[in-house]
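Visitor: Hello! I am new to this structure and would love a close look at one part of it. Could you take me slowly through the place where the ligand sits?

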Amino acid sequence: MNVIELKQLTKTYRVYQKKEGLLASLGGLFQREYRDVNAVRGIDLTVAKGEFVAFLGPNGAGKTTTLKLLSGVINPTSGTAQVLGYVPWERKNAYRRRFALVMGQKNQLWWDLPANESYRLHQQIYRIEPAEFTRTLDELTGLLGVRELLRQPVRELSLGERMKMELIAALLHSPEVLFLDEPTIGLDVIAQHNVRQFLKQYQLERQTTILLTSHYMKDVAALCERVVVIAHGQIEYDGSLAGILDRFSGHKIVTLAFTENQMPPDLTPFGEILEVLPPKVKLRIDRNVVAEKLASLLSQHSVEDVSVEEPPLEEVIADVFSRATRSKEA
Amino acid sequence: MSEQQPVLVRVFLTFARNSLVREMTFRTNFFIQCVSAISWTLMNLGFYLIIFHHLNRKPLADGSGWQQNEFFVFLATTWIVFSIVQAFFMPNVQEFSELIRTGNLDFVFLKPIDTQFLISFAKVDWSALANFVMGILLLTVGVWRLTTQSNNPLSLNLANVLLYWFYVACGVTILYSLMISLAATSIWLGRNQSLYDFWFYITNFSRYPMEIYARSWGWSLWGLFTFVIPILIVINVPARILARPLRPEGPWLGLPLSGFAILATLVCLVISRRVFSLALQSYRSASS
Ligand SMILES: Nc1ncnc2c1ncn2[C@@H]1O[C@H](COP(=O)(O)OP(=O)(O)O)[C@@H](O)[C@H]1O
Ligand SMILES: [Mg+2]
């Protein structure tokens, strides 16, 4: 069963251009100039129940905009979307009771009050049964290790602690669909790790359908089997993390250790030389000729050790991002 | 599981409680605000005492019957209505404009509760209720003097008192509708700093008995602020129900005006809700 279905979802922001200088801006009072920003350009996507999907993309790719559309915060320019059978921007209460959105850069808790008070408000708004409320709150604060912070004003919490409190606020009503927009942004390594561990365990237990955006590879590698790479408002890739390599990386990294003093003077016919540390050499070889080049290397030279590796994922993805940028500019 | 709607009263009580907890953590600030509000109110009273001293037992507008004690009731009503607005709606409407500007309105859309309710009642400025207390005191003094004066004393009945509070509620509703409509326009305008100024200019007209406009071109102001932006009704209708400046009352401002006030309240409320939901459709969040 599909929980999320997007068809040709498009969002264009009309941005008014500020003019330089006083005279020009006075003129702008009467005649405004604007520019269209195509934040999301025809996205098709289906997500099944219980999937944990990552949206990976550079800044400005349209990740947040997509989540805002799915949460019904903004209206689309065209296209359709259904989440749990609802059209998000119709803003039905029945829908709003069943999903949650967490934004790493914004907070919804009352700043001057302990998180506890905000949670009680949530309990009223979502009509959570007292017993269930206590149980869920207890479970979540336990998992995140923040039980003793409940009575402390939110403004006195660290960024990491605040993020955990925000997560709890979003999960109190046990949403079936969860949208997470960069939940680990700005956190230190330990806090990032904690949040990741928590999400992993929570999803495993509850089978919540989760859509997470991030530009940290680590989030994605730790949590999601399915990755959607989005750049310039379009989906560039949809599949497994490992599949990104097959699809976008045209080469492998081969490291050879030659027998003492047997290193050939010229290795360029075999591939691009990345690093030479005699008797070791690191080569970049086209994926489809790896076997062939390796065979001839081994038959012509005396080699003690070989390793064949995939290039680092970060590099490949950075490459995908920059390729998308170039093709857009072209 | 049945789809349970939140109980609005309970949500509101939680809001009010949270606001109080918050104000109590900044206690000094709370008392300073109370004191400054009361000081302003007392200066306001002093100003009118001087004016009535100059008028020397004449009413505020010729033949209107708004003498000092009647006007005390009027002034008290002004304080009561505006303190309610100040306490329950002003902080929320200001916050609303701010939420639009920063894009933090996003979260409001996620909650399974009426969006206008959530925005309108999220905070209570308890310190503003200091003037509510002042209003009640002045009202008591005014009414007590009117009912005990030897010359043409006022006779009060329960119906008058109940109607008085009913029309105070109408007045608050009209002011609220005006405010939330003004604030909602900041979704279209991007930023609306002049909101507060505009609010101040407009509401200024409501602070005087409407008879003072009944002069030549003053009638056009009277028409504008009665029928187009019905701000004149807000204080005038409840105040004259209680103080009855002309005893017996002349025909032209009695029943027709009270009936019109109910209509105006309903129309304002409906229009503001339309403006509000129309504006929300145009909300575009902010890039973060
Ligand atoms: N409220 C807005 N008004 C105008 N432009 C916006 C708004 N929100 C986002 N944008 C633009 O849309 C594009 C996509 O933004 P966003 O979805 O926030 O990207 P991401 O989350 O992937 O970094 C960006 O170019 C951004 O400047
Ligand atoms: Mg973003």
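Visitor: To begin, how many Å separate a backbone N or O atom of A:Gly60 from an oxygen atom of ligand 1?

Guide: Happy to show you around, and please keep in mind that this is a predicted model. A backbone N or O atom of A:Gly60 lies 2.7 Å from an oxygen atom of ligand 1. A similar kind of pairing involves A:Gly62, where a backbone N or O atom is 2.9 Å from an oxygen atom of the ligand. Chain B takes part as well: a polar backbone atom of B:Ser285 is 3.3 Å from a nitrogen atom of ligand 1. On its own, ligand 1 has 560 Å² of accessible area, and the protein covers 81% of that. The elements giving two or more residues to the shell around the ligand are β1 (2-16), β2 (34-48) and α2 (63-71), which belong to chain A. Of the elements, α2(A) gives the most, with three residues.

Now let us step back and take in the whole site. Ligand 1 lies between chains A and B. It is surrounded by 16 residues, and the closest are A:Gly60, A:Gly62, A:Lys63, A:Thr64 and A:Thr65. Sorted by class, the shell has seven nonpolar, seven polar and two charged residues.

The two glycines also make handy landmarks for finding your way in chain A. Start from A:Gly62 and look for A:Thr80, which sits in strand β4 (residues 78-83) of chain A. These two residues are 18 apart along the chain, and their C-alpha atoms are separated by 16 Å. A:Thr80 has a relative accessible area of 45%, so it counts as partly exposed. Setting aside neighbours within four places in sequence, A:Thr80 is in contact with A:Glu5, A:Leu6, A:Lys7, A:Leu9 and A:Trp89.

For a longer walk, start from A:Gly60 and go to A:Ser296: the two are 236 residues apart in sequence and 46 Å apart in space, C-alpha to C-alpha. There you are in helix α10 (residues 290-300) of chain A. A:Ser296 is partly exposed, because its relative accessible area is 23%, while buried would mean under 20%. Its side chain reaches the backbone oxygen of A:Lys293 at 3.1 Å.

Let us finish in chain B, with two of its helices. α1(B) has 18 residues and reaches 26 Å from its first C-alpha to its last, close to the 26 Å expected at 1.5 Å a residue. Its buried residues are B:Val11, B:Phe12, B:Thr14, B:Phe15, B:Ala16, B:Asn18, B:Ser19 and B:Glu23. These pack against α2, α3 and α5 (115-121) of chain B, together with α4 (115-126) of chain A.

The other helix, α2(B), covers residues 27-55. With 29 residues, this helix reaches 42 Å from first C-alpha to last, close to the 42 Å expected. Buried residues in α2(B) include B:Phe30, B:Cys34, B:Leu45, B:Tyr48 and B:Phe52. The partners for the buried residues of α2(B) are α1 (8-25), α3 (68-88) and α6 (130-148) of chain B. Just after α2(B) comes B:Asn56, which has a positive phi, near 50°.

How values were computed: Residues are numbered from 1 along each chain as its sequence is written. Chains are lettered from A and ligands numbered from 1 in the order in which they are written. This is a predicted model: local features need pLDDT of at least 70, side-chain atom pairs count only at pLDDT 80 or more; totals for chains, interfaces and linings use all residues. Side-chain values use heavy atoms; hydrogens and water are left out. Helices (H or I, at least four residues) and strands (E, at least two) are DSSP runs, numbered from the N terminus. The expected span of a helix is 1.5 Å times one less than its number of residues. Buried means under 20% relative accessible area, exposed over 50%, partly exposed in between (1.4 Å probe, protein chains only). Contact means heavy atoms within 4.5 Å. A residue is near a molecule or strand if one of its heavy atoms lies within 4 Å of it. A polar contact is a pair of N or O atoms within 3.5 Å; within protein, one must be able to donate a hydrogen and the other to accept it, and residues adjacent in sequence count only if both atoms are side-chain atoms. Accessible areas come from the Shrake-Rupley method with a 1.4 Å probe; for residues, only the protein chains shown count as cover. Ala, Val, Leu, Ile, Met, Phe, Trp, Tyr, Cys and Pro count as nonpolar, Asp, Glu, Lys and Arg as charged, and the others, Gly among them, as polar.
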